[in-house]
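User: Could you walk me through a structure, one piece at a time?
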Amino acid sequence: MMKIDKAPVPLIVPNPDDPRLTERVTGTDQTGAAVEIRVPVERPLTLYLNAQEIVTMMTIGDYPEYLALGYLLNQNMLKYDDVVTEVEYDDDLQVVVVRTEHHTNFEAKLKKRTQTSGCAQGTAFGDLLEAVESVALPKAELRTSWLYQMTHAINTMPSLYLEAGAIHGCVLCKEGTPVCYTEDVGRHNAVDKIAGWIYRHGVDPGDKILYTTGRLTSEMIIKTVRMGIPILVSRSGFTAWGVELARQVGLTLVGRTKGKRFIALSGQERIVFDQNLAFVEEESARHKRKGEDRDD
């Protein structure tokens, strides 16, 4: 049980050695030889808001409190000025309950879902677009030196992806330094954990950069804007609606960020080109993700 009160802001980084997050399985490789590999786990987590069941998510199971809070925030079921009195997680039942001071009832809203392009049960609700229309993102800058510093740090940091693959990551950065790095089977889960971390610890999002390994879709743009983060970066590519939404709300959108390369399709006025590319190394093949040349 976790009471929602002021707490020190922890640095969150992947823990690939956590035995709860992967399993070893045996199989056969292309030569017919027996192999054993590590694969990420998937386990259900059922979220309740007060007495109402909201959703069952498939997740690797770490940081359930952050995931629950972030999901509710990014689905506009919880406001940043709402008072959360308690988050209770039961590991045996795989249930997390978020309790608030005010009464909640989202029966009608739960009937109005749109399946998104995100993997592993990503959903967006009909009023989310209305919720971001009034958001004014803060003025900020993105120095290219920070961009290369943070991508190098992210690519070389121990992670579940490097150990087991089949997973997405999202990283909140301050200038060129990662401060909250989360992973999950779906990129929407990873970014929801960051939203929950921001809310739980009262972190200022206005001077932060959000990095994701997944595509820059409408869902990712909406969640980034709802968190109040002005800059979104991905090693993958874009969707047309994602770009359109980013331009409408003034979000700096940078994709296909690999080695020396990147492409900005929105909010280019925030970018400060202060890095000499002669001193930037190309990305190691070890960090290349399956299918990313096709923006998968």
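Analyst: What follows is a chat about one helix, its neighbour and some salt bridges.

Analyst: This is a predicted model, in which local features need pLDDT of at least 70 and side-chain atom pairs count only at pLDDT 80 or more, while totals for chains, interfaces and linings use all residues. Residues are numbered from 1 along each chain as its sequence is written, and side-chain values use heavy atoms, with hydrogens and water left out.

User: OK, helix 7 then: how many of its residues are buried?

Analyst: In helix 7, residues 218-227, 10 of the 10 residues are buried, so this helix is largely enclosed by the rest of the structure. Buried means under 20% relative accessible area, exposed means over 50%, and partly exposed is in between (1.4 Å probe, protein chains only). Helices (H or I, at least four residues) and strands (E, at least two) are DSSP runs, numbered from the N terminus.

User: And what follows helix 7?

Analyst: Gly228 follows helix 7, and the phi of Gly228 is positive, near 80°.

User: How do helix 6 and helix 7 lie, parallel or perpendicular?

Analyst: The axes of helix 6 (residues 187-201) and helix 7 come within 11 Å and cross at roughly 0°, and the two helices are therefore roughly parallel to each other. Axes here are lines fitted to C-alpha atoms, for helices over the stretch in contact, with angles from 0 to 180 degrees between N-to-C directions; under 35 degrees counts as roughly parallel, over 145 as roughly antiparallel, 65 to 115 as roughly perpendicular, and the rest as oblique.

User: Which residues of helix 7 make that contact?

Analyst: From helix 7 they are Glu219, Met220, Lys223 and Met227, and their partners in helix 6 include Arg187, Val191 and Ile198, where contact means heavy atoms within 4.5 Å.

User: New topic: how many salt bridges are there in the whole structure?

Analyst: A search of the whole structure finds 14, a salt bridge being a side-chain nitrogen of Lys or Arg within 4 Å of a carboxyl oxygen of Asp or Glu. One of them joins Arg38 and Glu163 at 3.5 Å, N to O. Arg38 lies in strand 3 (residues 34-40) and Glu163 in helix 5 (residues 160-164), so this pair ties together parts that are 125 residues apart in sequence.

User: Are those two residues buried or exposed?

Analyst: Arg38 is buried, at 16% relative accessible area, whereas Glu163 is partly exposed, at 40%.

User: Back to helix 7, which residue does Glu219 form a salt bridge with?

Analyst: Glu219 pairs with Lys223, and their closest N and O atoms are 3.8 Å apart. Because they are four residues apart in helix 7, about one helical turn separates Glu219 and Lys223.
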